[in-house]
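Hi,

Here's the structure I promised to pass along. Have a look at it first, and my notes on what turned up follow underneath.

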Amino acid sequence: MIKKLLTISILSFSVFGTAQQLSNNGFENWTSGNPNNWGSFDEMLSGLGLPGTTLETQVSPGNSGTLACQLKTQTVVLIGQDLPGVINSAPITYSSQVDFGLSPYSGTPTDYTFYYKFSPVSGDTAATQVIFTKWNTGTNYRDTIAYGGDLIVGAAANFTMRSVPITWLVPGVAPDSVSMIFLSSAGFVPQVNTTLTIDDVNMVFPLGIAEPFMLNEIAVYPNPATDVVNFSTKNLTASSVDVYDFSGKLIASQVLENGKTSINTSSFAAGVYLYRIMDENGKELTSNKFSVAK
């Protein structure tokens, strides 16, 4: 199963959508070695029982703040493969393939921008991609309504701004989800030690207005939790919260009252957990992850 990890298509994404809390577009906030509100290959491998890699890490200084996110292609000894550092604006999971989750999002930007530094090995290239989708109630499938992406070629020793245009396939229709991906090596033969550093990700709207990449209205705290984790959402249709371990097993479920609830985590093992916010009909509204520390 793991031997298929290198067969990565960044056009492949799952509908195990996740919502995000406050924006972490500047990568100033990290939990358990992972950037808050972003999925990573390190976190995916840890969920598969293969912890200990450092494909993604925080570095200092950032472009405009204290920290930035560094993606580095490395050999993962436990599976004997060279893998790129990868982050996505939702959890990255693995079943029969690498799946990049979706985050609820309803904006219609014209471009997205970010600052990067790049140190390629043997002509390696990095890449970025964004996909906006909307659920089609007629076909019961998810339609791609906009996309954007670019290869990152050539060394950049200092932070450099990159602007990527977004192509709208269905103009005038707002999406309901987005997936934004960055990876240090984009080819089928990743080059060890190729390094991509990302900071200050922004969406650009008409009239050139740039907004931090922010996604949803839910607070989960404290994170990491110890004995209890609290959930608070402004979504009036939210009815309950379900918590899963990284194997996908449901381990807790709680009804929301006035958009708030708490779950006792004293019996949870230390690690990362997924949560889903559901409406009264059992439809998923948002989801993301939190950590438990002991």
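**A loop and its surface patch**

Let's start with V170, which sits in the loop between β16 (167-168) and β17 (177-183). Before going further, bear in mind that this is a predicted model. V170 has a relative accessible area of 33%, and since buried would mean under 20% and exposed over 50%, V170 counts as partly exposed. Together with Y147 and L169, V170 makes a nonpolar surface patch of about 260 Å².

**A strand on the inside**

For something quite unlike that loop, scroll to β18, residues 195-205. Eleven of its eleven residues are buried, so β18 is largely enclosed by the rest of the structure.

Which strands pair with β18? One is β5 (residues 68-72), which runs antiparallel to β18 and is joined to it by four bridges. There, Q70 stands opposite T197. Another is β12 (residues 111-119), also antiparallel to β18, with eight bridges between them. In that pairing, F118 has L196 as its bridge partner.

**The chain overall**

Zooming out, the protein chain has 26 strands and one helix. Of its 294 residues, 50% are buried. If you take the contacts in the chain with a separation of 6 or more, 69% are between residues 24 or more positions apart. The accessible surface adds up to about 13,200 Å², and carbon and sulfur atoms account for 53% of that.

Cheers

Definitions and conventions. Residues numbered from 1 in each chain as written. Predicted model: local features only at pLDDT ≥ 70, side-chain atom pairs only at ≥ 80, totals over all residues. Heavy atoms only, no water. Buried < 20%, exposed > 50% of the residue type's maximum accessible area, 1.4 Å probe, protein only. Helix = DSSP H or I, 4+ residues; strand = E, 2+ residues; numbered from the N terminus. Pairing = 2+ DSSP bridges. Contact = heavy atoms within 4.5 Å. Areas by Shrake-Rupley, 256 points an atom, 1.4 Å probe, with all protein chains shown as cover. Patch = residues over 30% accessible without salt bridge, like charges linked within 9 Å, V, L, I, M, F, W, Y side chains within 5 Å. Salt bridge = Lys/Arg side-chain N within 4 Å of Asp/Glu carboxyl O.
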